[in-house]
Every structure is written in C-alpha cells, then in structure tokens.
Amino acid sequence: KAAQLGLKTVCVERRGKLGGTCLNVGCIPSKSLLHNSHLYHQAQHDFAGRGIKVSGLEIDLGTMMQQKEKSVDQLTKGIEMLFKANKVDYVKGHGKLSGPTSVNVSLLDGGEQAIEA
C-alpha cells in the first residue's frame, strides 16, 4: 500500500521467495497436498457409488509434490509481478535494523547492501 501511495518501498525477504511461511511452507502447500489426498480418497471410496469404476489406483508422490511446487511458484511469481507493477524494490537476504532509518542486508548471493529511508 505504501508504494501505491507514492512512498519508496523495499521488501527484504531472507527465504528468497515472496509470500512468507503460509505461501511457501505452510497453508498453501498443505492445502494442495490435502486436496490431492481428498481426491485419492474419493476415487477409492466414493466413485463406485457414482458409477465410476477405477482400478489400479495409486499415488505418485513425486508428481503430487511437483504440482504443489508449481502452485507455490505461480503464487510467488504473482506477488513478484505485483511488486514490479507497484515499484516495490525486492531484496533477497536477511535484514537487520542498523539505525532509525536504515537497514543492512546480508544478501543471499553474498555481500551486503545498505538501505536508507
């Protein structure tokens, strides 16, 4: 919102992926895997009662994990697009307050960056 109001805005993210815990390792990935597990359960237990016969049903965990990662990647890229559209600077690294209006960032790619408000 700050960038939309014309303020210089910087986001420092040490994970190297936008979205925080919920998007990257928590809520969203869990929901993706739970949804696929639910579909598997339906195929095992509910489809026959609906006239759908399934045989040889099995889980391909590798493909499930790839699909989960694809979903997370699409959402994080969406956040990056919003940052670009709103002119929010994105710094990948671990930030520490170094003064009332400054942050020092240990960059993920190595080195340091000083950010001054």
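Me: Within a protein, a polar contact is a pair of N or O atoms within 3.5 Å, of which one must be able to donate a hydrogen and the other to accept it. In this predicted model, which residue offers the backbone oxygen that the side chain of T9 reaches?

Reply: T9 is found in strand β1, and the segment before that strand holds the partner. The distance from the side chain of T9 to the backbone oxygen is 3.0 Å, and the residue that carries this oxygen is L7.

Me: Which residue has its backbone nitrogen 3.1 Å from a polar atom of the T9 side chain?

Reply: The T9 side chain reaches the backbone oxygen of L7, but a backbone nitrogen also lies by one of its polar atoms. This nitrogen belongs to a residue in the segment before β1. At 3.1 Å from the T9 side chain, the residue is A3.

Me: Is A3 buried or exposed?

Reply: The relative accessible area of A3 is 14%. Buried means under 20%. Because 14% falls under that limit, A3 is buried.

Me: What is the C-alpha separation between A3 and K87?

Reply: Apart from residues within four places in sequence, A3 is in contact with T9, N86 and V88. A3 and K87 stand 84 residues apart along the chain. In space, their C-alpha atoms are separated by 6.6 Å.

Me: Which residues does T9 touch, not counting those up to four places away in sequence?

Reply: Contact means heavy atoms within 4.5 Å. One of the residues touched by T9 is A3, whose backbone nitrogen also lies 3.1 Å from a polar atom of the T9 side chain. The full set is A2, A3, K87, V88 and D89.

Me: What phi does K87 have, although it is not a glycine?

Reply: K87 is found in the loop between α3 and β2. At 71% relative accessibility it counts as exposed. Its phi is positive, at about 60 degrees.

Me: How is L7 classed, buried or exposed?

Reply: L7 and V88 are 81 residues apart along the chain, with C-alpha atoms separated by 9.3 Å. The relative accessible area of L7 is 53%, and the exposed class covers values over 50%. L7 is therefore exposed.

Me: Why is α2 oblique to α3?

Reply: The axes of helix α2 (residues 27–45) and helix α3 (residues 61–85) come within 9 Å. Angles over 145 degrees count as roughly antiparallel and 65 to 115 as roughly perpendicular. The α2 and α3 pair fits neither range, and α2 is therefore oblique to α3, because the axes cross at roughly 140 degrees.

Me: How do the residues of the contact of α2 with α3 divide into nonpolar, polar and charged?

Reply: α2 passes α3 in a right-handed crossing. On the α2 side the residues are I28, P29, S32, L33, N36 and S37, and these meet M64, M65, K68, S71, V72 and L75 in α3. By class, they divide into seven nonpolar, four polar and one charged.

Me: Which residues does I59 touch, not counting those up to four places away in sequence?

Reply: I59 lies in the loop between α2 and α3 and is partly exposed, with a relative accessible area of 44%. One of its partners is 19 residues away in sequence, with a C-alpha to C-alpha distance of 7.7 Å. The residues touched are Y40 and M64.

Me: Which side chain makes a polar contact with the side chain of S102?

Reply: S102 is placed in strand β3 (residues 102–107). With a relative accessible area of 13%, S102 is buried. A polar atom of its side chain lies 3.3 Å from the backbone nitrogen of G99. The side-chain partner, at 2.9 Å, is S98.

Me: With which residues is S102 in contact, leaving aside its neighbours within four places in sequence?

Reply: S98 and G99, which approach the S102 side chain through polar atoms, fall within the range that is left aside. The contacts that remain are K96, L97, I115 and E116.

Me: How far apart in space are S71 and E116, C-alpha to C-alpha?

Reply: S71 lies in helix α3 and is partly exposed, with a relative accessible area of 21%. E116 is one of the residues in contact with S102. S71 and E116 are 45 residues apart in sequence, and their separation in space is 35 Å.

Technical notes: Residues are numbered from 1 along each chain as its sequence is written. This is a predicted model: local features need pLDDT of at least 70, side-chain atom pairs count only at pLDDT 80 or more; totals for chains, interfaces and linings use all residues. Side-chain values use heavy atoms; hydrogens and water are left out. Helices (H or I, at least four residues) and strands (E, at least two) are DSSP runs, numbered from the N terminus. Buried means under 20% relative accessible area, exposed over 50%, partly exposed in between (1.4 Å probe, protein chains only). Axes are lines fitted to C-alpha atoms, for helices over the stretch in contact, and angles run from 0 to 180 degrees between N-to-C directions. Angles under 35 degrees count as roughly parallel, over 145 as roughly antiparallel, 65 to 115 as roughly perpendicular and the rest as oblique. A crossing is left-handed if the near helix is turned anticlockwise from the far one by less than a right angle, and right-handed if clockwise. Ala, Val, Leu, Ile, Met, Phe, Trp, Tyr, Cys and Pro count as nonpolar, Asp, Glu, Lys and Arg as charged, and the others, Gly among them, as polar.
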